[in-house]
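The following exercises are to be worked with the sequence and the coordinates at hand. Each task is followed by a stepwise solution.

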Amino acid sequence: MVVEYIRFKRLDQFILLDTLLIVFLGVVSIIADNAIFVKLKPAFIEFIMAIIVGVSVFTPKNIMLGMSKRYMKGIEFNEEMIKKLNQTMLRLFVILIIHIGLTIYSAYFMSNTAWAFISGGLFYIIVIAFAGYEFIIQKLKNKNIEYLPEVDEDGKILGRASREEGNLD
């Protein structure tokens, strides 16, 4: 958080929220003399993420697309890209909901070791497997499609399009 502020002269809101949530739940755990609040912190963070992804998937307000545009300045998203983003976000939403449930269950009914694996490592394993699956499926679908760069009048690359999309045959 400090490095981000020094480098970019701004605080990342997600890191700030995560830090405040850790402090808040830590204080509540100390006052209540119960570690369950700290154990539920990953589920709280994922729940916030699930709300953002869910709003993006199930309503016209696509927050994730707005965030993507913020980090990928100058890239124009065509309808096909937006459709694929929404399909991926729907699958991510399901993964988040399932993992939230597993984290809450493990916090209450499993050992600390099992909870630590489920709330941390398991999530990364699932996300890496999901990303690998998405990558392989995309490669198989596109193995015979030729893509060309989309450029503006100044030659700046805006994205890419298949020959079929650009009617370049």
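Contact here means heavy atoms within 4.5 Å. The model is a predicted one.

**Exercise 1. Determine the environment of M89: which residues does M89 touch, and is M89 buried or exposed?**

Solution.
1. Locate the residue: M89 belongs to helix α6.
2. List the contacts, leaving out residues up to four places away in sequence: M89 touches V53, S56, V57, N62 and M64.
3. Classify the accessibility. Buried means under 20% relative accessible area; M89 has 3% relative accessibility and therefore counts as buried.
4. Add a distance for reference: the C-alpha atoms of M89 and K9 are separated by 31 Å, the two residues being 80 apart along the chain.

**Exercise 2. Characterise helix α6: what span does it reach, and which elements do its buried residues pack against?**

Solution.
1. Take the extent: α6 covers residues 79-109, 31 residues in total.
2. Compare the span with the expected value. From the first C-alpha to the last, α6 reaches 45 Å, close to the 45 Å expected at 1.5 Å a residue.
3. Identify the buried positions: I82, M89, F93, I95, L96, H99, I100, T103, S106 and A107 are buried in α6.
4. Assign the packing partners: the buried residues of α6 pack against α3 (36-39), α4 (41-58), α5 (63-71) and α7 (112-141).

**Exercise 3. Analyse the salt bridges: how many does the structure hold, and where do their partners lie?**

Solution.
1. Recall the principle: side chains of opposite charge can pair when their charged atoms come close.
2. Count the pairs: the structure holds two salt bridges.
3. Examine K84 and E80. Their closest N and O atoms are 3.4 Å apart. Because K84 and E80 are four residues apart in helix α6, about one helical turn separates them.
4. Classify these partners: K84, at 28% relative accessibility, counts as partly exposed, and E80, at 39%, also counts as partly exposed.
5. Examine R91 and E134. The closest N and O atoms of this salt bridge are 2.6 Å apart. The pair links distant parts of the chain, with R91 in helix α6 and E134 in helix α7, 43 residues apart.
6. Classify these partners: R91 has 35% relative accessibility and so counts as partly exposed, whereas E134 is buried, with a relative accessible area of 17%.

**Exercise 4. Describe the nonpolar patch on the surface: which residues form it, and which element gives the largest share?**

Solution.
1. Name the members: V2, Y5, I6, L11, L16 and L20 form the patch, and together they have about 570 Å² of accessible area.
2. Map them onto elements: α1 (2-8) and α2 (13-32) are the elements that give two or more residues to the patch.
3. Find the largest share: three residues come from α1.
4. Check one member: L20 lies in helix α2. Exposed means over 50% relative accessible area; at 52% relative accessibility, L20 therefore counts as exposed.

**Exercise 5. Establish how strands β1 and β2 are paired: how many bridges join them, and what lies in the turn?**

Solution.
1. Determine the pairing: β1 (residues 147-151) and β2 (residues 157-162) run antiparallel and are joined by five bridges.
2. Pick out one partner: Y147 has S162 in β2 as its bridge partner.
3. Describe the connection: β1 and β2 form a hairpin with five residues between them.
4. Inspect the turn: G155 has a positive phi of about 90°.

Definitions and conventions: Residues are numbered from 1 along each chain as its sequence is written. This is a predicted model: local features need pLDDT of at least 70, side-chain atom pairs count only at pLDDT 80 or more; totals for chains, interfaces and linings use all residues. Side-chain values use heavy atoms; hydrogens and water are left out. Patches are made of residues with over 30% relative accessible area and no salt bridge: like charges are joined within 9 Å, nonpolar side chains (Val, Leu, Ile, Met, Phe, Trp, Tyr) within 5 Å. Accessible areas come from the Shrake-Rupley method with a 1.4 Å probe; for residues, only the protein chains shown count as cover. A salt bridge is a side-chain nitrogen of Lys or Arg within 4 Å of a carboxyl oxygen of Asp or Glu. Buried means under 20% relative accessible area, exposed over 50%, partly exposed in between (1.4 Å probe, protein chains only). The expected span of a helix is 1.5 Å times one less than its number of residues. Two strands pair if DSSP finds at least two bridges between them.
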